[in-house]
Protein chains: 2
Amino acid sequence: MSTDPPGWELPLRLLLGFRVLIDELHAELARQGHPDLRPMHGFVMQAIGRGGTTAAELGRLLGVSKQAAGKTIDTLERVGYVERGADPADARRKVVRLTERGIESLALAARIFDDLRARWAHALGEDRLRALETDLRAVTPPGALRLDIPGWFGGLD
Amino acid sequence: MSTDPPGWELPLRLLLGFRVLIDELHAELARQGHPDLRPMHGFVMQAIGRGGTTAAELGRLLGVSKQAAGKTIDTLERVGYVERGADPADARRKVVRLTERGIESLALAARIFDDLRARWAHALGEDRLRALETDLRAVTPPGALRLDIPGWFGGLD
DNA sequence: CATAATAGACAATGTGGTTGTCTATATAGT
DNA sequence: ACTATATAGACAACCACATTGTCTATTATG
């Protein structure tokens, strides 16, 4: 009769798994012409989406302050992945949109993530990996990062 | 025939799962008299262990610079979870040891993590959870306990 | 039209990380 | 033994990413 694994192994493995994927993603992104992208930039650009947003809206979407969102937009703008424009319908708003390079980098990241998933599927078997994803989905908040909004997360490929 | 889930779902769910566990751990720790503990402190105190370490050694263990490790030790010392002492065998070294309170907080965290794991086992079934742990172990570096992703702890909440 | 809500800019601060430099101490090689 | 090298830790400057608070301009509402 085997005893249960210690409870702390779960968060540790989840973190390590995340790190492995993100590290390999960014190593590959750097190799393919995107050395400036930081781990969070992918999430932020996903949240911006094809339609564009504003800093305050982006903050609400990601669950951070509008100031934090604004600063992240600053750096993404500086390295050429987003651009700001005025909103003709509301003089207060400045709309953030992905540049061509931003859209390309998202598509590339999606391809790399698919490759990495295929490697996990090879190591574990497609059925086991699918079970892992299903189970994580079951214990993870559904609305986190607003994944329930149709059409933006992953909708850019 | 069903198509594969997109590759980006895997890292996202891993991150969300990690955050869910860590957030609940620290909410419970705060409730039980340890409001000053930050997400990384548990990992750091685990790495210090009963035997104690030094800042440089701790940095190597965690995969961060000795300066970063030293600063984290500073804050843990300030809130009373570790203490520094001289090493009689080497005048350069200052040994970091857990205080009573530090050891208690680790034991408490272990209990809370076990409770959280039990909740996941209840939701998924013990066999599915065990499979999840096994599979994560298989795709994750064996001895790794490196926390060197700047900004991910406490980010996006 | 006055008032309230919102968008964004700016500043100060906190946390956790980085390099680089410095001194003191230990260890190894001739 | 003595010199060369490696190591521990302190200190400073800086970066990334977040926070709260304050301010102005603009839009929406009673």
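Let me start with DNA strand D. There are 23 residues around this strand, and those that come nearest are Ser65(A), Gln67(A), Lys71(A), Lys66(B) and Lys94(B). Both protein chains are on that list. Please keep in mind that this is a predicted model.

Which part of strand D faces the protein? Of the strand D atoms within 4 Å of the protein, 57% belong to sugar or phosphate, and the rest belong to bases.

Here are three individual contacts on strand D. On chain A, a polar side-chain atom of Ser65(A) lies 2.4 Å from a phosphate oxygen of the strand. On chain B, Ala56(B) uses a polar backbone atom, which is 3.1 Å from a phosphate oxygen of strand D. Arg92(B) goes to a base instead: a polar atom of the Arg92(B) side chain lies 2.7 Å from a base oxygen of strand D. The elements that give two or more residues to this surface are α4 of chain A, together with α3 (55–62) and α4 of chain B. The largest share is from α4(A), with four residues. By class, the surface near strand D has 11 charged, seven nonpolar and five polar residues.

Now the other strand, DNA strand C. How many residues surround strand C? The number is 21, and the closest are Lys66(A), Lys94(A), Ser65(B), Gln67(B) and Lys71(B). Of the strand C atoms within 4 Å of the protein, sugar or phosphate accounts for 54%, and bases for the rest.

Again, three contacts. In the side chain of Arg92(A), an N or O atom is 2.6 Å from a base oxygen of strand C. The side chain of Lys71(B) also has an N or O atom by a base oxygen of this strand, at 2.3 Å. Ala91(B) takes part through its backbone, where a polar atom is 2.7 Å from a phosphate oxygen of strand C. Two or more residues each are given to this surface by α3 (55–62) and α4 (66–78) of chain A, and by α4 (66–78) of chain B. Here α4(B) gives the largest share, four residues. Sorted by class, the surface near strand C has 10 charged, six nonpolar and five polar residues.

Next, the two protein chains and how they are arranged. Chain A can be laid on chain B with an RMSD of 0.2 Å, by a turn of 179° and a shift of 0.0 Å along the axis. The two copies are therefore related as by a two-fold rotation axis. The same surface serves both copies, since 84% of the contact residues of chain A recur in chain B.

What does the contact between the chains consist of? On one side are 55 residues of chain A, and on the other 54 residues of chain B. The area buried between them is about 5,300 Å², with carbon and sulfur atoms giving 70% of it. In chain A, the residues that lose the most area to chain B are Leu10(A), Arg13(A) and Phe18(A), together 13% of what that side buries.

There are also charged and polar pairs across this interface. How many salt bridges are there between chain A and chain B? The count is four, while the structure holds 28 over all chains. One runs from Glu9(A) to Arg137(B), with 2.6 Å from N to O. That pair crosses from helix α1 of chain A to helix α6 (residues 126–138) of chain B. Arg137(A) and Glu9(B) also meet through their side chains in a salt bridge, at 2.6 Å, N to O. As for polar contacts between chain A and chain B, there are six residue pairs, both residues being at pLDDT 80 or more.

Which elements build the chain A side? Those giving two or more residues are α1 (9–31), α2 (39–48), α5 (100–124) and α6 (126–139) of chain A. The largest share is from α1(A), with 15 residues. By class, the chain A side has 33 nonpolar, 14 charged and eight polar residues.

To recap, α4(A) gives the largest share of the surface near strand D, α4(B) gives the largest share near strand C, and α1(A) gives the largest share of the chain A side that touches chain B.

Technical notes
Residues numbered from 1 in each chain as written. Chains lettered and ligands numbered in written order. Heavy atoms only, no water. Contact = heavy atoms within 4.5 Å. Buried area = accessible area lost by both parts, 1.4 Å probe. Polar contact = N/O pair within 3.5 Å; in protein donor to acceptor, adjacent residues only side chain to side chain. Nonpolar A, V, L, I, M, F, W, Y, C, P; charged D, E, K, R; others polar. Least-squares fit on C-alpha atoms with pLDDT ≥ 70 in both. Near = heavy atom within 4 Å.
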